[in-house]
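Colleague: Please take a close look at the site that holds the ligands. I would like a connected account of what surrounds them.

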Amino acid sequence: MTTRRFIIDTDTASDDAVAIVMALQWPDVEVDAITVVYGNMPLKIASANARYSVEICGKETPVYEGCAHPLLRSVAHADWFHGPYGMGKLGELHPQRPAAGQNAVAELIRRFGEAPGEITLVTLGPLTNIAAALIVEPRLAEWVKECYIMGGAANCVGNVTPAAEFNIWCDPEAARIVFHSGMKCLMVGWEHCRFDSALSFEEMAAIRALDTPLAHFALDCNSYALEAGMTIQGASGLMLPDPVTMAIALDNRVCTRRSRHYVDVACAEELTRGMTVVDELNVTGHKPNMEVCWEIDKPLWKEILAQTLR
Ligand code: BDR
Ligand code: CA
């Protein structure tokens, strides 16, 4: 079996943690490194959460800390959604190993530069680290084999404003840099964790019944997110945007409809800040710059999740 190499960029809180576990547990994937960005949590808390997620899998994947704030905007966090330390009822986590370094941006450039075309990038947070790396080294765009982006909402409802999804809203200028960099990207919008893609209470019970440390971890660290999703966003179960994106990166069959489009990010007005505008009908005539995921295989995504928590 040939091994696929991944690097994960994450603002680790509850759903990021599950996505990290999935990648670390997947048989044909080796996670070379994890780079952390502010976002759901301040950088240091996100870093501790990422390192704890690595340790609970029994791995030693290096975790690098990167940008602590967006390129231009004020920093904002989502403790109101994920809990004070981002990990639900687990509270503050104390991993044993320190961060491998504070130089995530340089590490991204170094690692992709040493293996051009070989490593897949999965982004689960604001795109600040990736944009900063592209500013320093534009060739990063061609060095990345493919990039799976959890971010945006393809011409549909946002979760932090009516128009925007959190990761893109946090740093719209960074997202714009990445989207227009020439990197081969698949945008997996927030809509793919809603409705039937959310875990029902029966499905959560089935995961709990696995009775493994990882299954308990996955549910416990999402206890706040479950409540918040149901209360604030009208969900009927647990929405897991980062794990859905990771499932697609692990097994491409999870994305059942995708197509290439010109996609831009609204940066000018506060009302539409961070909106991902997909030119679905090619009315602008601009050359497509992104691939967009439109539909997923919901049973397959949930099967992949369960498989990694056994
Ligand atoms: C995204 O924002 C964060 O709260 C989640 O971790 C996910 O990456 C969903 O909008
Ligand atoms: Ca995230």
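Modeller: What follows goes through the site around ligand 1 and then the calcium ion. The model is predicted. Ligand 1 sits in the largest cavity. Helix 1 (14-25), helix 7 (166-170) and helix 12 (241-250) are the elements that give two or more residues to the shell around ligand 1. That shell holds 13 residues, and the closest are Asp15, Asn40, Asn159, Glu165 and Asp242. By type, the shell residues divide into 5 nonpolar, 4 polar and 4 charged.

Three aspartates have side-chain N or O atoms in polar contact with ligand 1. For Asp15, the distance to an oxygen atom of the ligand is 2.6 Å. For Asp242 the corresponding distance is 2.7 Å, and for Asp16 it is 2.9 Å. The protein buries 95% of the 280 Å² that ligand 1 exposes when taken alone.

Two of these aspartates, Asp16 and Asp242, also appear among the donors of the calcium ion (ligand 2). Asp16 is listed twice there, each time through OD, while Asp11 and Asp242 each contribute an OD atom and Leu124 contributes its O atom. The coordination distances run from 2.2 to 2.5 Å. Along the sequence, the donor residues follow the spacing D-x4-D-x107-L-x117-D. Asp11 belongs to the loop between strand 1 (4-10) and helix 1, whereas Asp242 belongs to helix 12, so this pair ties together parts that are 231 residues apart in sequence. Asp242 thus has a place in both sites: its side chain contacts ligand 1, and its OD atom coordinates the calcium ion.

How values were computed
Residues numbered from 1 in each chain as written. Chains lettered and ligands numbered in written order. Predicted model: local features only at pLDDT ≥ 70, side-chain atom pairs only at ≥ 80, totals over all residues. Heavy atoms only, no water. Near = heavy atom within 4 Å. Polar contact = N/O pair within 3.5 Å; in protein donor to acceptor, adjacent residues only side chain to side chain. Areas by Shrake-Rupley, 256 points an atom, 1.4 Å probe, with all protein chains shown as cover. 1 Å grid on protein atoms, 1.4 Å probe; cavity = no way out; pocket = protein on both sides within 12 Å on 5 of 7 lines; lining within 4 Å. Sits in = over half its atoms within 2 Å of the grid points. Helix = DSSP H or I, 4+ residues; strand = E, 2+ residues; numbered from the N terminus. Nonpolar A, V, L, I, M, F, W, Y, C, P; charged D, E, K, R; others polar. Donors = N, O, S within 2.8 Å, 3.2 Å for Na, K, Ca; no water.
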